[in-house]
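I opened my notebook today to look up a few strands, helices and charged pairs. Here is what I wrote down as I went along.

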Amino acid sequence: MAISAFDLFSVGIGPSSSHTVGPMRAAHTFVEGLRADGLLPRVGRVRGELFGSLGATGHGHGSLKAVLLGLEGEHPESTDPRAAEGRVEEVRASGVLRLGGDHEAVCDPDEDIVLHRRARLPFHSNGMRFTAWGAADPGEGEEPLRTREFYSVGGGFVLDEDEAGQGALVPDDTPVRYPFSSGAELLARCEESGLPVSGVMLANELSWRTEAEVREGLLHLWSVMQECVDNGCRTEGVLPGGLKVRRRAPRLALQLRREHAGDPLAAMDWVTLYALAVNEENASGGRIVTAPTNGAAGIIPAVLHYYTRFVPGADDDGVVDFLLTAAAIGALYKENASISGAEVGCQGEVGSACSMAAGALAEVLGGTPKQVENAAEIGIEHNLGLTCDPVGGLVQIPCIERNAVGSVKAITAARIALRGDGSNVVSLDKAIKTMRDTGRDMKVKYKETARGGLAVNVIEC
C-alpha cells in the first residue's frame, strides 16, 4: 500500500478533519454516486445521520454544516468558509437543498440531519449514514432510493461501507520505487539507495506526479500554511461556539514585533505564535492544511516557520524536503496505527504531528536517516497516552495550546536526536505500536466524545 504526501496534506476548512472535512467529502460522494447511477433527478428528500464521536461532538465541530455543504456539492478544498454559515441558514429557512448544486430536494436540517450521541456504527467511531427517498414526504415503510454508510477515519480520509470491509485503508496498488510500511523498512530503503528520507519519499511520489508537480503542490500547501498564520495573526475577536475563548495570536504578534532582540528564547515565542494563529483559524472554521489532521494542524506549519525564519540557509528546497520527510513519517502512523482522535485519542493527532515535524526538522538541519527516525520516535514517545477531551466538543480547549506545546516539543526532539548518533533503545516502530495499543486500551470517554477529562471538569460558560 502506498500513501502520498498529498493524501496526508490537503487544503480544507476547520475545525476538524475527521468531523468537518470527512463528513463533507462523504456527503459529496453520496450525492455523486446518485448522479452517476441516474438516481439524482428522482430524489425528493435526503437524510443524514451521524454516529459515535461525530454524533457526540458534531455540533461543536461543525459537522452538520459540513454535511449540508457536501450534499450541495461543496469540496473542503474550494468552499468559502465565510459564506458557509449563511448558506446553512438559507437551507434551514427554506427546507430545500440544492443536491450536487443543481437538484432541489427537501431537507430540514433540524429534522433530517440527526446526531446520535450514544449509538455508533460497527467499523469506526466516526460513522455516517445517508439516505435518499424519491418522495419529498416518504410514508412509513417506503423503501429509499439508496442508503449508504461512510466512515471518517482521520485526516479527512473517508471510507464507504464496501471499503470499510477491506480494512482501515483501501490499498493503493500503485507501484512505487521504494516501498516501505515500517520505520525499519524506510531506513533500509534509505541505506540501499543512499537517499535521505525525503529523497525516498520523492522517488515514490513520482509514481503519481512529475517532480515539478510534486514541488509545485508542496509549495502551494506551504503558501496556504503561511496565509493561515497571517490570517490568524491579524484576526481579532472571540472564537465561535460559546466558550468565549478570545483569540490570542494578534496580541502576541504585536508584543513580539515590539520587543527588542536579546531574549535567547524569543524563537520559541514565535513558534508558539505560529501554532496559536493556525489553530485559532481552524477553530473559527477558516482555511487550513490538514497536517495530518485539523486538530493538530498548527504543529507542522509552526515548526516549518521556525525553519524558514531562524535557520540560516533555509529555502524552498528545504521546505519541500521538510514536507516530504513529514509525509513519510505520517504514512507510518496512518498505515500502522491511527491519526484519528476519536479512535486513539489526541496522541494520534498532536502526537503524530509532533513526530512528523520532529523528524522533518531533523532532516533539513542535516540529520541522517537514523537521526530522523530517532527524532520522530522522541516526538511520539512523549505524547503517548494523550487523551482527546475537548471542552464543549469544540476544537479549542485544550487543542489550541496543545499545538503550541507540541511544536516546541518537536523542535526539542529534533535537537536531542541531532546531538546523538541516531541509535535508540525504543524504535519508531515500537513507539507507533505502543500508541496504537494505548489507544485501544483508552476508555471511550477520552476519545473525542467530550464526556471525560477536561470536558467534564471545566464549566462551559
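**Entry 1: strands.** Before I started, I noted that two strands count as paired if DSSP finds at least two bridges between them. I also reminded myself that this is a predicted model.

I looked up strand β7 (residues 146-152) and its neighbours. On one side I found strand β6 (residues 126-133), which runs antiparallel to β7 and is joined to it by six bridges. One pair I wrote down was Thr131 with its bridge partner in β7, Thr147. Then I turned to strand β8 (residues 158-160), which pairs with β7 over three bridges, again in the antiparallel sense. Here I noted that Tyr151 has Leu159 in β8 as its bridge partner.

I then followed the chain round the hairpin of β7 and β8, where five residues lie between the strands. I stopped at Gly154, which takes a positive phi near 110°.

Is β7 largely enclosed or not? I checked burial, and five of its seven residues are buried, so the rest of the structure largely encloses this strand.

**Entry 2: charged pairs.** My general reminder: side chains of opposite charge can pair when their charged atoms come close. I found that the structure holds 24 salt bridges, and I picked a few to follow.

I began with Glu72 and Arg87, whose side chains meet in a salt bridge at 2.6 Å, N to O. I placed Glu72 in the loop between α4 (63-71) and α5 (81-94), and Arg87 in helix α5; the two are 15 residues apart, and the pair links distant parts of the chain. Both Glu72 and Arg87 are buried.

Arg87 had another entry in my list: a salt bridge with Glu90, with the closest N and O atoms 2.6 Å apart. These two residues are three apart in helix α5, so about one helical turn separates them. That made me recall the general rule that an α-helix has 3.6 residues a turn, so residues three or four places apart point the same way. I compared their surroundings too: Arg87 is buried at a relative accessible area of 13%, whereas Glu90 is partly exposed at 44%.

Next I looked up Arg248 and Glu401, which form a salt bridge at 2.9 Å, N to O. Arg248 sits in the loop between α10 (211-234) and α11 (249-258) and Glu401 in helix α18, so this pair ties together parts 153 residues apart in sequence. Arg248 is partly exposed, with 38% relative accessibility, and Glu401 is partly exposed as well, with 46%.

I also found a network of salt bridges that links Arg47, Glu49, Arg129 and Glu149.

**Entry 3: an arginine without a partner.** I found Arg402 in helix α18 (residues 399-418). Which side chain of opposite charge is nearest to Arg402? I found Asp389, 4.2 Å away; Arg402 is buried yet has no salt bridge. The cut-off explains why: a salt bridge needs the nitrogen within 4 Å of a carboxyl oxygen. Leaving out residues up to four places away in sequence, Arg402 touches Cys346, Val350, Leu386, Thr387 and Asp389.

**Entry 4: helix α11.** I listed the buried residues of α11 as Ala249, Pro250, Leu252, Ala253 and Leu256. Looking down the helix axis, I saw that they fall within an arc of 165°, so they line one face of α11. The face turned away from this buried side carries the exposed residues Arg251 and Arg258. Last, I checked what covers the buried residues of α11, and the cover includes α10 and α12 (266-283).

Definitions and conventions
Residues numbered from 1 in each chain as written. Predicted model: local features only at pLDDT ≥ 70, side-chain atom pairs only at ≥ 80, totals over all residues. Heavy atoms only, no water. Buried < 20%, exposed > 50% of the residue type's maximum accessible area, 1.4 Å probe, protein only. Helix = DSSP H or I, 4+ residues; strand = E, 2+ residues; numbered from the N terminus. Lys, Arg positive; Asp, Glu negative; His and termini not counted. Contact = heavy atoms within 4.5 Å. Arc of directions from axis to C-beta.
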